[in-house]
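Here are some short exercises to work through with the structure open beside you. Try each task before you read its solution.

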Amino acid sequence: MIVKLEFMYESDSEYMSCPAKVGRNVRKLQRQFDKWIYDRNNKHPYWVIADEDEEGNEIYGVCFNAEAFVYWLNDVKFVKRKKIAKLIDKPADPPKKKLRF
């Protein structure tokens, strides 16, 4: 199944190919991804230092694109299976689902 991934602050969309079962549950998976990516206890490469507070402590934010969602599907959520999702070029046929981040 082809899923269109849109980001609010980006003009381009990206596309992901995944099994139909994953595509049918993609909104639920997006909510799980959102919890994972913003959980400071998770060590992933998408953390960035956004600012510093009055005491000099670093304040973190996240910076990610569609690759992060594909990474999470393949290497966190479905880690015991072979790679189930991949980014693809714009497909000839319209995508079956659309996600907005």
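Contact here means that heavy atoms lie within 4.5 Å of each other. Keep in mind that this is a predicted model.

**Exercise 1. Find out which residues valine 3 touches, leaving out those up to four places away in sequence.**

Step 1: Locate the residue; valine 3 lies in strand E1.
Step 2: Apply the contact cut-off. Valine 3 touches Glu14, Tyr15, Met16, Cys18, Gly23, Val26, Pro95, Lys97 and Leu99.
Step 3: Check the burial. Residues under 20% relative accessible area count as buried, and valine 3 has 0%, so valine 3 is buried.

**Exercise 2. Work out the order of the strands in the open sheet of four strands.**

Step 1: Read across the sheet: the order is E5-E2-E1-E6, and the pairing is mixed.
Step 2: Look for strands that pair on one side only; these edge strands are E5 (86–88) and E6 (97–100).
Step 3: Follow the twist, which averages 35° from one strand to the next.
Step 4: Look at one pair. E2 (residues 14–17) and E5 are antiparallel, with three bridges between them, and methionine 16 of this region stands opposite leucine 87 in E5.
Step 5: Add a helix. H2 packs on the sheet and touches E1, E2 and E6, and its direction makes about 20° with that of E6.

**Exercise 3. Test whether the length of H3 agrees with the span expected for its twelve residues.**

Step 1: Take 1.5 Å times one less than the number of residues. For the twelve residues of H3, the span should be 16 Å.
Step 2: Compare this with the model: the end C-alpha atoms of H3 are 15 Å apart, which agrees.
Step 3: Look at the start of H3, where a side-chain oxygen of asparagine 65 comes to within 3.0 Å of the backbone nitrogen of glutamate 67.
Step 4: Pick out buried residues; among them in H3 are Phe69, Trp72 and Leu73. The cover over the buried residues of H3 includes E1, E2, H2, E5 and E6.

**Exercise 4. Identify the residues with the most contacts inside the largest nonpolar core.**

Step 1: Recall the general trend: in soluble globular proteins, nonpolar side chains tend to be buried together.
Step 2: Find the core. The largest one has 23 residues, and Leu5, Met16, Phe33, Phe69 and Leu73 have the most contacts inside it.
Step 3: Trace the sources: strand E1 (2–6), helix H2 (26–37) and helix H3 (66–77) each supply at least two residues. H3 gives the largest share, six residues.
Step 4: Zoom in on leucine 5. Beyond its neighbours within four places in sequence, leucine 5 has contacts that include Met16, Phe69, Leu87 and Phe101.

Technical notes. Residues numbered from 1 in each chain as written. Predicted model: local features only at pLDDT ≥ 70, side-chain atom pairs only at ≥ 80, totals over all residues. Heavy atoms only, no water. Core = buried A, V, L, I, M, F, W, Y, C linked by side-chain atoms within 4.5 Å. Buried < 20%, exposed > 50% of the residue type's maximum accessible area, 1.4 Å probe, protein only. Pairing = 2+ DSSP bridges. Axes fitted to C-alpha atoms, helices over the stretch in contact; angles between N-to-C directions. Polar contact = N/O pair within 3.5 Å; in protein donor to acceptor, adjacent residues only side chain to side chain.
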